[in-house]
Amino acid sequence: MDLYILRHTSAADPHGYAQDADRPLTETGRREAQNVADALLEIGNKIELVLTSPYLRARETASIITNKLKIEPPEDCGFLLPGADSTALMMFLSQRRAQSIMLVGHAPDLSYLVSTLCMGLETSGVEFSKGALALLDVERPVRRRRCRLMYLLPLRITEKLGA
């Protein structure tokens with residue numbers, strides 16, 4: 001399975017929002033998400049399903065991607081909430097039939113997930129800046145050390161690819 005992993009793009013400052021979950025993307029964040037979508041088109045993605053954290057900034061990032069790629073709208077996934085259990089996410093992914101899935105979520109959870117899948121380590125050894133995009137080749141069932149990191153692109157690279 002191809003597993004695309006994307007950290008949400010730039011969001012509003014937390015001041016002025018009652019809950020962290022309510023922070024929207026900034027105008028810059030919307031442009032960044034468009035650039036990531038353009039890069040995915042340039043690379044030649046085959047994304048069938050987009051799963052997103054229910055937090056507003058992740059949902060907005062995911063929606064921009066699905067709109068640009070002309071695929072089904074993203075599905076909220078509680079397993080992508082900050083602090084969620086990565087083992088439960090792996091079990092959930094193992095049950096999905098799609099051959100190409102994108103996850104849109106948060107740091108440091110995405111770093112932990114990639115480290116767990118690739119190396120079996122629950123550390124944040126992989127840096128996910130805002131808008132960073134990774135592709136993993138994952139064997140089913142989804143488990144520790146059962147995947148290969150194909151690429152990890154920081155936003156500055158996807159912006160150039162999508163230009």
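**Reading the core, loops and a helix face**

Me: Which residues does Ile 101 touch, leaving aside those up to four places away in sequence?

Reply: In this predicted model, Ile 101 touches Met 1, Asp 2, Leu 3, Tyr 4, Leu 49, Leu 51, Leu 93, Arg 96 and Arg 140, not counting residues up to four places away in sequence.

Me: Which members of the largest nonpolar core touch the most other members?

Reply: The general idea is that nonpolar side chains tend to be buried together in soluble globular proteins. Here the largest nonpolar core has 27 residues, and Leu 3, Ile 5, Leu 51, Ile 101, Leu 103 and Leu 136 touch the most other members. At least two residues of this core come from each of β1 (2-7), β2 (49-52), α3 (86-95), β4 (100-105), α4 (109-119) and β5 (133-138). The largest share, five residues, is supplied by α4. Another core, of 18 residues, lies apart from this one and includes Leu 40, Ile 47, Leu 133 and Leu 135.

Me: How should the sides of a helix be read, and which residues of α3 are buried?

Reply: One begins with the buried residues, which in α3 are Ser 86, Leu 89, Met 90, Phe 92 and Leu 93. These residues lie on the same side of α3 because they cover an arc of only 165° around the axis. They pack against β1, β2, β4 and α4. The face of α3 turned away from this buried side carries the exposed residues Met 91 and Gln 95. At the start of the helix, a side-chain oxygen of Asp 85 reaches to within 3.1 Å of the backbone nitrogen of Thr 87.

Me: Where does Lys 70, with its positive phi, lie?

Reply: Lys 70 has a positive phi of about 55° although it is not a glycine. Its place is the loop between α2 (56-69) and β3 (75-76). Lys 70 counts as exposed because its relative accessibility is 74%, where the cut-off is over 50%.

Me: Is Arg 145 buried or exposed?

Reply: Arg 145, also not a glycine, has a positive phi of about 55°. Arg 145 lies in the loop between β5 and β6, and its relative accessibility is 62%, so Arg 145 counts as exposed.

Me: Which peptide bond leading to Pro 108 is cis, and where does Pro 141 lie?

Reply: For such bonds one reads omega. The bond from Ala 107 to Pro 108 is cis, with omega near 0°, and Pro 108 sits in the loop between β4 and α4. The bond from Arg 140 to Pro 141 is cis, with omega near -5°. Pro 141 is found in the loop between β5 and β6 (147-153).

Key
Residues numbered from 1 in each chain as written. Predicted model: local features only at pLDDT ≥ 70, side-chain atom pairs only at ≥ 80, totals over all residues. Heavy atoms only, no water. Core = buried A, V, L, I, M, F, W, Y, C linked by side-chain atoms within 4.5 Å. Buried < 20%, exposed > 50% of the residue type's maximum accessible area, 1.4 Å probe, protein only. Helix = DSSP H or I, 4+ residues; strand = E, 2+ residues; numbered from the N terminus. Contact = heavy atoms within 4.5 Å. Arc of directions from axis to C-beta. Polar contact = N/O pair within 3.5 Å; in protein donor to acceptor, adjacent residues only side chain to side chain.
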